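Student: Hey, I've just opened this one and I'm new to it. Can you walk me through what's there?

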Amino acid sequence: MDITSFIIYCFIVTFTPGPTNIVILSTVHNYGAKKAMEYTYGATIAFGLLLGLSAMLNTVLITVIPKILIGMQIIGTIYMLYLSYQIYKMDTSESTSNKTGTFISGFLMQFLNPKVVLFTLTVIPSFVLPYYTDLPAVSLNVIVITMIGFLAFIAWVFFGALFKKFLQRHTRVVNVIMSLCLVYATIMIWM
């Protein structure tokens with residue numbers, strides 16, 4: 001397992017602006033850090049739940065249909081390249097101030113967030129299952145990915161104002177760097 005590519009992929013997908021992170025940022029600005037943390041706890045629990053469900057589904061599929069792994073890796077690669085393109089052309093100026101920051105809204109947002117759903121469906125078969133299929137190893141990876149996601153959410157809560165100003169001033173440079181890192185992680189899946 002290429003741990004560097006795995007970590008880069010997880011950090012890029014979880015730390016880059018997406019629906020959840022933008023709502024967290026908006027919640028910090030409009031309702032404060034305490035309300036944003038409530039939202040973050042719901043988002044983290046749902047993120048871990050989605051990863052666990054994905055790991056179980058993918059482990060069963062790889063056991064029943066071993067050739068499915070290559071198909072999932074191809075889907076994961078296509079998705080990662082798509083994400084890279086989306087990050088490259090991203091515009092974070094869109095307002096999300098009308099959203100509220102509750103535990104339930106954070107929890108439900110993960111099931112409705114295509115970035116999270118596709119990430120959870122592709123990260124396990126692309127990075128974990130080619131090397132580990134036993135329950136303890138897969139579970140440990142789910143926990144690690146969930147913690148990376150939680151760290152990303154916390155970063156958006158506590159440094160939201162700083163990130164917002166930085167992204168507004170350097171949006172293009174940040175997007176290009178993140179996009180290129182994601183392309184690198186995609187290439188490393190096949191090496």
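Student: Let me start with a residue I clicked on. Is Phe103 buried, exposed or partly exposed?

Tutor: Phe103 counts as partly exposed, because its relative accessibility is 30%. You'll find Phe103 in helix 5. Keep in mind that this is a predicted model.

Student: Okay, noted. What is Phe103 part of on the surface?

Tutor: Phe103 helps make a nonpolar surface patch of about 960 Å². The other residues in the patch are Tyr41, Ile45, Leu49, Leu53, Met56, Ile104, Leu108, Phe111 and Leu112.

Student: Which helices supply at least two residues each to that patch?

Tutor: Helix 3 does, and so does helix 5, which covers 103–112.

Student: Let me zoom out. How many helices and strands are in the chain?

Tutor: There are 8 helices and 0 strands. Read along the sequence, the pattern is α-α-α-α-α-α-α-α.

Student: And how much of the chain is buried?

Tutor: Buried residues make up 48% of the 191 residues.

Student: Back to Tyr41 from the patch. Which ring does Tyr41 pair with?

Tutor: Tyr41 forms an aromatic pair with Phe150. The ring centres are 6.4 Å apart, with 20° between the planes, and the pair is stacked.

Student: Why is the pair called stacked?

Tutor: Planes under 30 degrees apart count as stacked, so the 20° in this pair fits.

Student: Where do those two sit in the chain?

Tutor: Tyr41 is in helix 3 (residues 33–64) and Phe150 is in helix 7 (residues 135–158). They are 109 residues apart, so the pair links distant parts of the chain.

Student: Why does Tyr41 count as partly exposed?

Tutor: Because its relative accessibility is 42%, and partly exposed runs between 20% and 50%.

Student: How many aromatic pairs does a search of the whole structure find?

Tutor: It finds 9 aromatic pairs. Ring pairs also link several residues into a cluster: Phe6, Tyr9, Phe47, Phe119, Phe127 and Phe153.

Student: New topic: holes. How many cavities of 30 Å³ or more does the structure hold?

Tutor: It holds 2 cavities of that size. The largest has about 90 Å³ of space.

Student: Which residues are closest to the centre of the largest cavity?

Tutor: Of the 13 residues that line it, the closest to the centre are Val13, Thr14, Lys115, Val116 and Phe153. Phe153 is also in the ring cluster.

Student: Which helices supply at least two residues each to that lining?

Tutor: Helix 1 (3–15), helix 2 (19–31) and helix 6 each do.

Student: What about salt bridges, how many turn up?

Tutor: The search of the whole structure finds 1. The side chains of Lys35 and Glu38 meet there, at 3.8 Å from N to O. Both residues lie in helix 3, 3 residues apart, which is about one turn of the helix.

Student: Are Lys35 and Glu38 buried, exposed or partly exposed?

Tutor: Lys35 is partly exposed, with a relative accessible area of 27%. Glu38 is partly exposed too, with 32%.

Student: Last one: where does Leu129 lie?

Tutor: Leu129 lies in the loop between helix 6 (114–128) and helix 7. Leu129 counts as buried, because its relative accessibility is 4%.

Student: How far is Leu129 from Asn58, in sequence and in space?

Tutor: Leu129 and Asn58 are 71 residues apart in sequence, and 8.1 Å apart in space, C-alpha to C-alpha.

Notes: Residues are numbered from 1 along each chain as its sequence is written. This is a predicted model: local features need pLDDT of at least 70, side-chain atom pairs count only at pLDDT 80 or more; totals for chains, interfaces and linings use all residues. Side-chain values use heavy atoms; hydrogens and water are left out. Rings of Phe, Tyr and Trp (its six-membered ring) pair if their centres lie within 6.5 Å; planes under 30 degrees apart count as stacked, over 60 as edge-to-face and the rest as tilted. Helices (H or I, at least four residues) and strands (E, at least two) are DSSP runs, numbered from the N terminus. Buried means under 20% relative accessible area, exposed over 50%, partly exposed in between (1.4 Å probe, protein chains only). Patches are made of residues with over 30% relative accessible area and no salt bridge: like charges are joined within 9 Å, nonpolar side chains (Val, Leu, Ile, Met, Phe, Trp, Tyr) within 5 Å. Accessible areas come from the Shrake-Rupley method with a 1.4 Å probe; for residues, only the protein chains shown count as cover. A salt bridge is a side-chain nitrogen of Lys or Arg within 4 Å of a carboxyl oxygen of Asp or Glu. On a 1 Å grid over the protein atoms alone, a cavity is a set of points where a 1.4 Å probe fits but cannot get out, and a pocket is an open set with protein on both sides within 12 Å along at least five of seven lines; lining residues have an atom within 4 Å of a point. Grid points are joined across faces, edges and corners, and a volume is the space filled by probe spheres set on the points.
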